[in-house]
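Subject: Structure for your files, with notes

Hello,

Here is the structure I said I would pass on. My notes on cavities, salt bridges and a surface patch follow below it.

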Amino acid sequence: MRHVEPEEGDRSFFGQPRGLATLFGVEMWERFSFYGMQGILAFYLYFSAVDGGLGMEQSTALGIVGAYGGTVYLFTIVGAWLADRVLGPERVLFYSAVVIMLGHICLAVIPGFIGVAVGLVFVALGSGGLKANATSIVGLLYTAKDSRRDAGFSLFYLGINVGGFLGPILTGLVQSTVGFHYAFGLAALGMAAGLTQYAFGRRRLPVAAQAVANPLPRAERGRWILITIAAIAVIAVLLLTGVVTAENIAVSVSILISAAAVVYFAVILSSKKITTIERRRVYGFIPLFLGSVAFWALYMQQFTVLAAYSDSRLNRVVFGWEMPPSWVQSINPIFVMILSGVFAALWTKLGNRQPSTPVKFSLSIIGIGVAFLLFLPMSGGGPGSAPLLALVGILFIFTVSELLLSPVGLSVATKLAPAAFHTQMVALFFLSVSLGSALSGSLAQFYSAQTEVPYFGILGAVSIVIGLALLLLRGPILRLFAGVR
C-alpha cells in the first residue's frame with residue numbers, strides 16, 4: 001500500500017492535508033457508534049425489564065458506565081504499545097475498527113448481562129486502539145514547523161463531535177421506538193461505514209504511520225505473551241471471587257488506572273532512549289495530566305449524573321412532545337461543531353500570541369467548575385422541574401471548557417512526546433481521560449436528588465481551586481516545556 005510524506009503545501013481538506021479527511025471520517029463514525037451506544041447504556045442497565053432494560057440499581061448502573069468509560073481510555077495504552085512496539089499506528093487503527101464493530105454486534109444480538117460484558121470488552125479494546133493511534137497519525141500529517149497543527153486538531157475534533165451529535169440522536173430514537181438491541185445494531189452499522197471509508201483512504205496517510213517506533217525484540221515476545229495471560233487471569237480471579245463487583249467496579253478501575261499512570265510516567269522518565277530535554281518536557285506534562293483528570297471527572301458526568309438528571313429531573317417537553325433523555329447528550333456536540341471552527345480560526349489568527357497551553361488548561365478547569373455551580377439554583381425541585389434551556393446554557397460552558405483543553409491536550413501531547421514514545425505519550429493524555437471517566441462513575445454514586453446542593457457545590461468549588469492553582473504554576477511549567485507553548 002502506497003503512503004505519502006507530510007507536505008506543508010497539501011491543503012486539499014479545508015486547508016489541511018488530505019489524509020486528515022480519512023482520519024476525520026473514521027473518527028466520526030467511531031464516535032457515532034461509541035456515543036450512540038453510551039448514550040443509551042445507563043438506561044439499558046437501570047430501566048426495568050418492562051421497558052427493555054436489565055433492572056439494575058441506578059447508582060450501580062452509573063458506576064458501571066463511568067468505569068466502562070475509564071476502561072476505554074485505559075486501553076489506549078494497549079493500542080499505543082502495540083503501535084510503538086509491534087504493528088505501527090496505522091495497522092493498529094485498522095484492526096481496532098474491526099474489533100469495535102464486532103463489539104456493537106455482540107450488544108445487538110446477545111441478550112442480557114452476557115451481551116453487555118462481551119460487547120463492552122470488545123468496544124473498549126477497539127476504541128482504545130483506535131483513539132490513540134488516530135490522534136497520533138494526525139500529528140504525523142504535519143512537519144515540525146507547520147503552524148496548522150492546532151487548527152488541524154480542532155478540525156479533527158469537529159469530526160469527533162459530528163459523530164457524537166448524530167449517535168445519541170439516532171440510537172435514542174431507535175431505542176425509544178423499536179428497542180435497545182436495534183439501537184445497538186445501528187451503532188454497529190455506523191462503525192462498518194467508518195471502516196469502509198477508512199479502507200479506501202489508508203493510502204493517503206504518511207509513511208511514518210506504518211513505522212514501528214521502538215520494535216519489540218523477538219526474544220522478548222514470549223515474556224509479553226506470558227504477561228498478557230497473567231493479567232487476564234488476575235482479572236478473571238478478581239471477578240470470580242467477588243473482589244471486584246458491579247457495585248465497586250468504578251473505584252476498582254480508578255485504582256487500576258492511577259497505578260497504570262504512575263508506572264507509565266516512571267517507564268518513560270527512566271528510559272535511556274529519551275534526551276534530557278525530552279525528560280524535562282515529560283515532567284512538565286505531569287501537572288497538565290492532573291488538571292486534565294480533574295476536568296474529565298466532571299465533564300464525563302454527562303454520561304452518568306447528567307444522564308440520570310435528564311431522565312428524572314429535566315423538563316424535556318418541547319412543543320408538547322417529550323424528547324428521549326439520550327438526546328440531551330447531543331447538545332454538547334452541537335456546540336462543539338459550531339465553536340470548534342471558531343477556536344481553530346482563533347488559534348490560527350493569533351499564532352504565537354495565543355494563550356499558552358497551561359493557561360488554556362486552567363481556564364478550562366475553572367469553567368467546568370463554574371458550570372457545576374450553575375446547577376445549584378435548580379436544586380431541590382421535583383421531577384421534570386429543571387428547565388431545558390438552563391441545561392443548554394450549562395452545556396455551552398461545558399463545551400467552551402472542553403475546547404480549551406481536549407484538542408489542545410491532544411496537540412501538546414504530540415509536541416512534548418519523546419521520539420521513542422510518540423504514540424504512548426498520546427496514550428498518557430488519554431489515560432487522564434480514563435482516570436477522569438472512572439472517577440465520574442465513582443462520584444456519581446454519591447449523587448441523588450437529595451444531595452444535589454453539596455454534590456454540585458463541592459465539586460464545582462474544588463475544580464475552580466485546581467484551575468487557579470494550575471494558572472499560578474504556568475511559569476515553571478513553560479520552563480520545563482523548553483520552547484513548547
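Helices and strands here are DSSP runs, numbered from the N terminus, with at least four residues for a helix and at least two for a strand. That is the sense in which α2 supplies 4 residues to the lining of the second largest cavity, the largest share of that lining. Please keep in mind that this is a predicted model.

Cavities

The model holds 4 cavities of 30 Å³ or more. The largest cavity has about 270 Å³ of space. It is lined by 25 residues, and those closest to its centre are Y35, Y157, I160, Y299 and E402. Several helices contribute at least two residues each to this lining: α1 (19–46), α4, α5 (149–177), α9 (276–299), α11 (331–350), α13 (388–416) and α14 (422–444). Helix α5 gives the largest share, 6 residues. By type, the lining of the largest cavity has 15 nonpolar, 7 polar and 3 charged residues.

The second largest cavity has a volume of about 60 Å³. Its lining consists of F34, Y35, Q38, V65, G66, G69, Y73, M300, F303, T304, S437 and S440. The elements that give two or more residues to this lining are α1, α2 (58–87) and α14. The lining of the second largest cavity splits into 6 nonpolar and 6 polar residues, with no charged ones. Y35 is worth finding in the viewer: it is among the residues closest to the centre of the largest cavity, and it also lines the second largest cavity.

Salt bridges

There are 6 salt bridges in the structure, and I describe some of them here.

K131 and E27 meet through their side chains, at 3.3 Å from N to O. K131 is in helix α4 and E27 in helix α1, so this pair links distant parts of the chain, 104 residues apart. Both K131 and E27 are buried.

E90 pairs with R202, with 2.5 Å between the closest N and O atoms. E90 is in helix α3, while R202 is in the loop between α6 (180–201) and α7 (221–240), so the salt bridge ties together parts that are 112 residues apart in sequence. Buried means under 20% relative accessible area. E90 therefore counts as buried, at 0% relative accessibility, and R202 counts as buried as well, at 14%.

R316 forms a salt bridge with E322, where the closest N and O atoms are 3.9 Å apart. R316 counts as buried because its relative accessibility is 7%. E322, at 49%, counts as partly exposed.

Surface patch

On the outside, a nonpolar surface patch of about 650 Å² is made by L102, I105, V109, I114, V118, V121, F122 and L125. Helices α3 (89–109) and α4 (112–140) are the elements that give two or more residues to this patch. The most comes from α4, with 5 residues. V109 sits in helix α3. Exposed means over 50% relative accessible area, so V109, at 60% relative accessibility, counts as exposed.

Helix α4 turns up under each of these headings: in the lining of the largest cavity, in the salt bridge through K131, and in the nonpolar patch.

Regards

Methods
Residues numbered from 1 in each chain as written. Predicted model: local features only at pLDDT ≥ 70, side-chain atom pairs only at ≥ 80, totals over all residues. Heavy atoms only, no water. Patch = residues over 30% accessible without salt bridge, like charges linked within 9 Å, V, L, I, M, F, W, Y side chains within 5 Å. Areas by Shrake-Rupley, 256 points an atom, 1.4 Å probe, with all protein chains shown as cover. Salt bridge = Lys/Arg side-chain N within 4 Å of Asp/Glu carboxyl O. Buried < 20%, exposed > 50% of the residue type's maximum accessible area, 1.4 Å probe, protein only. 1 Å grid on protein atoms, 1.4 Å probe; cavity = no way out; pocket = protein on both sides within 12 Å on 5 of 7 lines; lining within 4 Å. Points joined across faces, edges and corners; volume = space filled by probe spheres on them. Nonpolar A, V, L, I, M, F, W, Y, C, P; charged D, E, K, R; others polar.
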